[in-house]
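Please open the model in your viewer and follow the stops below in order. Each stop gives a selection and then says what is there.

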Amino acid sequence: MKKVLSGMRPTGKLHLGHYLGVIKNWLQLQEKYDCKFFIADWHALTNKYKETDNLKENIRQMIIDWLSCGIDPQKVTLFIQSGVKEHAELALLFSMITPKSWLELNPSYKDLKFNLYYQYMRDFLAGKQIKIIQTPPPESFDEAFEKASGKQKSKIFEEYLRESFHRAFYNQKGIDFKWLREVLLKFGIQKKIVEEVIKNLEEGDVGKDIDTLGFLAYPVLQAADILIYKADAVPVGEDQLPHIELTREVARRFNNLYDEIFPEPEAILTEASRLPGIDGRKMSKSYNNAIYLSDNRETVDKKVLEMKTDPKRIRRNDPGNPEVCIVFRYHQIFTDQEKVKDIDTKCRKAEIGCVDCKKILAENLNKFLDPIRERRKEIEKDLPKYERVFQEGTEKARAIASETMLEVRKAMKLWEF
Ligand code: SF4
């Protein structure tokens, strides 16, 4: 049977986006394959090493969330990464054979750095009342910029900034501050503000938290997580594909240098959840726009009432456009298809009001969450019993990891303890 490995960082309570993006897929995988799912607590430290106060509690919440969603310890091995020290040993040995450039070129490392700097820039300018509109960069940026004038300029402002950041990052030069300064001045931003933001970016703390060896090397730890169990497949989103490729390269390199121990795992491509938060932005704890699996009925009702609808539908008798409505996006997932069609038609003809439409959604969300809530209650009554399930799973995982490490030490001709 195919061996599958997957993990999640314990960063807090799980929300509907996590359910649709990860858990739903795990529920299917556990029926078909020999799965191991783990709580990646060491990975949580790679960019949040200062925030350890809640780590244990986050692990507990993750245990409750997984089990209450129906992840079944009878079918899969569930464990906590830091309980299997062999992951760290293998990661260390892999780090000896992994060229630094493989990690520096890793697109998700660069993307994260890019996003941190860019987010800082957005927030800084927004604080100075300089609004940035979020749109994807055009194909031919220079052309668009040359043609832009007046209103258009402000519209493509963000595009230009993003593009200039991107170019700098992807050219391996770091941020081209000279260019960035020119861009900001071109848009008529006061010289004083421009100098301030450039200075902060050049000398400030932005991105410092991920300027660590641990963060740069986390794909090596990930390779160890996967290969120590000789996993055949790993479910990942498209953005994680480079990590799987790196894992395969590490396996190849090890096998060539020492002995054929590791299989090259394949990726099981999973679709990312497209469910937005209640305000239309990406669902995230930091935006305070998420619906959690642990939310009670009243909280769900309240959050659904706050959801953004078609902004042009102001009065009850204005026809609406479901295509631009967040509530409708949720209906498409949580409401049966017949009813979705009905809402679509009635919304366009103003035959249903947004409040009624939201009530239907809230009811369907609650129906979906009720069984999860029920199981949660049961688990919370005897949490130590369920923590033991993870303890046992960790021991089971450790036994397999130890076997692999014996092979590794032998292949590398290390001292065998
Ligand atoms: S009726 Fe429903 S789908 Fe239409 S705009 Fe209102 S909330 Fe959205």
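Select V236 and look across to β5: the bridge partner of V236 there is L269. This is a predicted model. Extend the selection to the whole of β4 and to strand β5, residues 266-269; the two run parallel and are joined by four bridges.

Now show the side chains of β4. In a regular strand the side chains alternate between the two faces of the sheet. On one side of β4 are A233 and P235, on the other V234 and V236, and all of these are buried, so both faces of the strand are covered. Add helix α14, residues 241-257, and the unit is complete: β4, α14 and β5 form a right-handed β-α-β arrangement.

Step back to the loop that lies between α13 (218-227) and β4 (233-236), and select K230 in it. What is the sign of phi at K230, a residue other than glycine? It is positive, with a value near 50°. Most residues other than glycine have a negative phi.

Go next to the N-terminal strands. Select β1, residues 3-8, together with β2; they pair in the parallel sense, over six bridges. Two facing pairs can be picked out: L5 is opposite K36 of β2, and M8 is opposite I39 of β2. Trace the chain between the strands: from β1 it passes through helix α1 (residues 16-32) to β2, in a β-α-β crossover that is right-handed.

Stay on β2, residues 34-39. Is this strand mostly covered or mostly open? It is mostly covered, with five of its six residues buried. Add strand β3, residues 77-80, which pairs with β2 in the parallel sense over four bridges. K36 is opposite T77 of β3, and K36 is also opposite L5.

Now turn to the ligand. Where does it sit? It occupies the largest cavity. Select the residues around it: T309, D310, R313, C325, V327, F328, C347, I352, C354 and C357. Two elements give two or more residues to this shell, α16 (326-334) and α18 (354-381).

Keep C354 selected and add C69 for a comparison of exposure. C69 has a relative accessible area of 5% and is therefore buried, the limit being under 20%. C354, at 26%, is above that limit but not over 50%, so it counts as partly exposed. How many disulfides does a search of the whole structure find? The search finds zero.

The last stop is the segment after α19 (383-411), where E416 is found. Select L406 as well: E416 and L406 are ten residues apart in sequence, and their C-alpha atoms are 7.7 Å apart in space. E416 has a relative accessible area of 48%, which is not over 50%, so it counts as partly exposed.

K413 also lies in the segment after α19. At 72% relative accessibility K413 is over the 50% limit and therefore exposed. K413 is a residue other than glycine with a positive phi, near 60°. For comparison, return to K230 in the loop before β4, where phi is near 50°.

Technical notes:
Residues are numbered from 1 along each chain as its sequence is written. This is a predicted model: local features need pLDDT of at least 70, side-chain atom pairs count only at pLDDT 80 or more; totals for chains, interfaces and linings use all residues. Side-chain values use heavy atoms; hydrogens and water are left out. Buried means under 20% relative accessible area, exposed over 50%, partly exposed in between (1.4 Å probe, protein chains only). Two strands pair if DSSP finds at least two bridges between them. A crossover is right-handed if, with the strands pointing away from the viewer, the path from the first strand over the helix to the second runs clockwise. A disulfide is a pair of cysteine sulfur atoms within 2.5 Å. A residue is near a molecule or strand if one of its heavy atoms lies within 4 Å of it. On a 1 Å grid over the protein atoms alone, a cavity is a set of points where a 1.4 Å probe fits but cannot get out, and a pocket is an open set with protein on both sides within 12 Å along at least five of seven lines; lining residues have an atom within 4 Å of a point. A molecule sits in a cavity or pocket if more than half of its atoms lie within 2 Å of its grid points.
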